Amino acid sequence: MNGHDNASKENGHSNGEHFVVDPLNYDDIVRVAQTIESLLTINEKPTVGIICGSGLGDLADRVTEAQIVPYSQIPGFPKTSVIGHKGNLVFGKLRGKSVICLQGRFHPYEHAMNLALCSMPVRIMHLLGVKTLIVSNAAGGINEKFQYGDLMLLKDHIFLPALAGFSPLVGANDPRFGQRFVSVHDAYDIKLRKMALKIAEEQQIRVHEGIYVMSGGPQYESPAEVQLFKTVGADALGMSTCHEVTVARQCGIQVLGFSLITNIANLDADNSVEVSHEEVLETAKEASQRACAFVSEIIANI
């Protein structure tokens with residue numbers, strides 16, 4: 001037993017008990033990953049990680065030989081409070097690949113804009129063996145070509161919180177995390193995108209490519225803000241994803257991202273359009289089977 005373990009036990013933080021994780025402390029993240037491994041009865045390491053966005057948690061129901069680990073059973077793991085996010089890690093097989101599903105993500109607005117904490121699951125996936133990350137979200141459509149229930153592959157993003165200094169990499173200068181100055185020019189793998197477009201054509205589903213913009217939330221964007229995002233080239237907007245993708249790239253994980261267009265963003269300040277989380281979930285529910293079949297086929301072809 002090393003000194004860190006002794007100190008932990010002296011503070012009542014032995015394995016299986018609650019302890020507070022510093023997401024900028026590499027050793028803390030390793031400890032959480034090791035705790036998760038100790039809970040698993042499966043031996044094969046996951047190579048594909050999946051972050052299920054709002055209403056898309058049903059993808060985990062397709063996992064076979066599944067072992068479910070609730071977040072509540074993982075000491076130091078954050079909690080999710082958003083309706084539609086179940087709060088489980090799901091391990092198992094999907095179309096022949098060993099996967100881990102994050103069934104419920106952590107939004108910065110839930111955790112006082114602590115983006116390092118909210119992206120910690122990606123670091124844990126990396127430590128558990130993940131090489132490819134598929135990240136999904138529910139988003140508002142800005143592009144006038146988009147319709148309710150469409151899918152948009154992310155080809156690039158505008159990470160507003162990071163531009164304001166809220167990057168998950170701020171302060172994380174331990175070289176074990178990876179390069180401090182991370183290039184995100186190739187954040188969304190072009191080979192995976194081309195494969196996904198081919199699968200969409202075969203399945204005859206509407207899939208676009210576009211630019212996603214992440215705001216802090218939790219309030220929905222004003223018409224003026226939507227107009228701003230449209231002016232700078234955004235096609236869809238939401239409150240997640242970019243921090244997870246940035247950390248994935250620091251870890252050397254290749255990424256495929258897509259948005260499920262669950263509402264159309266309003267550009268007219270004189271005509272109020274009420275947007276609710278319930279509406280987002282309802283649209284996601286209607287498109288869930290199509291989206292899950294799409295992702296499953298992508299995983300089969302990785």
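**Exercise 1. Starting from one residue**

Task: Place N263 in the fold, then decide whether N263 is buried or exposed.

Solution. Step 1: look for N263 along the chain, and you will find this residue in strand β9. A friendly reminder before going on: the model you are looking at is predicted. Step 2: take the relative accessible area of N263, which is 8%. Step 3: compare that value with the cut-off, where buried means under 20%. N263 is therefore buried.

**Exercise 2. A pair from a record**

Task: Find which residue UniProt lists together with N263 under "binding site", and describe its surroundings.

Solution. Step 1: the unreviewed UniProt entry lists E221 and N263 for "binding site". Although these two are spread over 43 residues of sequence, they cluster in space, with a largest C-alpha distance of 12.1 Å. Step 2: locate E221, which sits in the loop between β7 and α7 (223–231). Step 3: E221 has a relative accessibility of 15%, so this residue counts as buried. Step 4: list what E221 touches beyond four places in sequence: S215, V226, F229, L237, G238 and M239. Step 5: pick out S215 from that group, because its side chain and that of E221 are joined by a polar contact of 2.9 Å.

**Exercise 3. A strand and its partners**

Task: Work out which strands are joined to β6, and in which direction each pair runs.

Solution. Step 1: find β6 at residues 151–159. This strand is mostly covered, with 7 of its 9 residues buried. Step 2: follow the 8 bridges from β6 to strand β7 (residues 207–214); these two strands run parallel. As an example, M152 has H208 in β7 as its bridge partner. Step 3: turn to strand β9 (residues 254–264), which is joined to β6 by 3 bridges and runs antiparallel to it. Here L151 has L260 as its bridge partner.

Step 4: now zoom in on H157, a residue of β6. With 13% relative accessibility, H157 counts as buried. Not counting residues up to four places away in sequence, H157 touches Y188, I211, Y212, C242, V245 and T246. With Y188 there is also a polar contact between the side chains, at 2.8 Å.

**Exercise 4. Two members of a longer list**

Task: Compare the settings of F106 and S240, which are both covered by a UniProt "binding site" annotation.

Solution. Step 1: read the annotation, which comes from an unreviewed entry and covers S54, H85, R105, F106, H107, A138 and S240. Step 2: place the two residues. F106 lies in the loop between β4 (97–103) and α3 (115–118), while S240 is in the loop between β8 (236–238) and α8 (242–250). Step 3: check how covered they are. F106 is buried at 1% relative accessibility, and S240 counts as buried at 4%.

Step 4: look at the contacts, leaving aside neighbours within four places in sequence. Among those of F106 are Y71, F77, P78, C118 and H243. S240 is in contact with R105, H107, N137, Y212 and M214. Step 5: the side chains of S240 and R105 are joined by a polar contact of 3.4 Å.

**Exercise 5. A serine that reaches backbone atoms**

Task: Find which backbone atoms the side chain of S136 reaches.

Solution. Step 1: S136 is in strand β5 (residues 132–141). Its relative accessible area is 4%, so S136 is buried. Step 2: beyond four places in sequence, the contacts of S136 include I51, C52, G53, R105 and F258. Step 3: the S136 side chain reaches the backbone oxygen of I51 at 3.0 Å, and the backbone nitrogen of G53 at 2.9 Å.

**Exercise 6. The whole chain**

Task: Decide how the radius of gyration of the chain agrees with that of a compact globule.

Solution. Step 1: count the elements, which are 9 helices and 9 strands. Step 2: for 302 residues, a compact globule would have a radius of gyration near 19 Å, and the chain has 19 Å, so the two agree. Step 3: add the extents of the C-alpha trace, about 65 × 40 × 35 Å along its principal axes. Step 4: note that 55% of the 302 residues count as buried. Step 5: among contacts with a separation of 6 or more, 81% come from residues 24 or more positions apart.

Methods:
Residues are numbered from 1 along each chain as its sequence is written. This is a predicted model: local features need pLDDT of at least 70, side-chain atom pairs count only at pLDDT 80 or more; totals for chains, interfaces and linings use all residues. Side-chain values use heavy atoms; hydrogens and water are left out. UniProt positions are given in the numbering used here, feature names are shortened, and annotations may be inferred rather than shown by experiment. Helices (H or I, at least four residues) and strands (E, at least two) are DSSP runs, numbered from the N terminus. Buried means under 20% relative accessible area, exposed over 50%, partly exposed in between (1.4 Å probe, protein chains only). Contact means heavy atoms within 4.5 Å. A polar contact is a pair of N or O atoms within 3.5 Å; within protein, one must be able to donate a hydrogen and the other to accept it, and residues adjacent in sequence count only if both atoms are side-chain atoms. Two strands pair if DSSP finds at least two bridges between them. The radius of gyration is taken over C-alpha atoms; the globule rule is 2.2 Å times the number of residues to the power 0.38.
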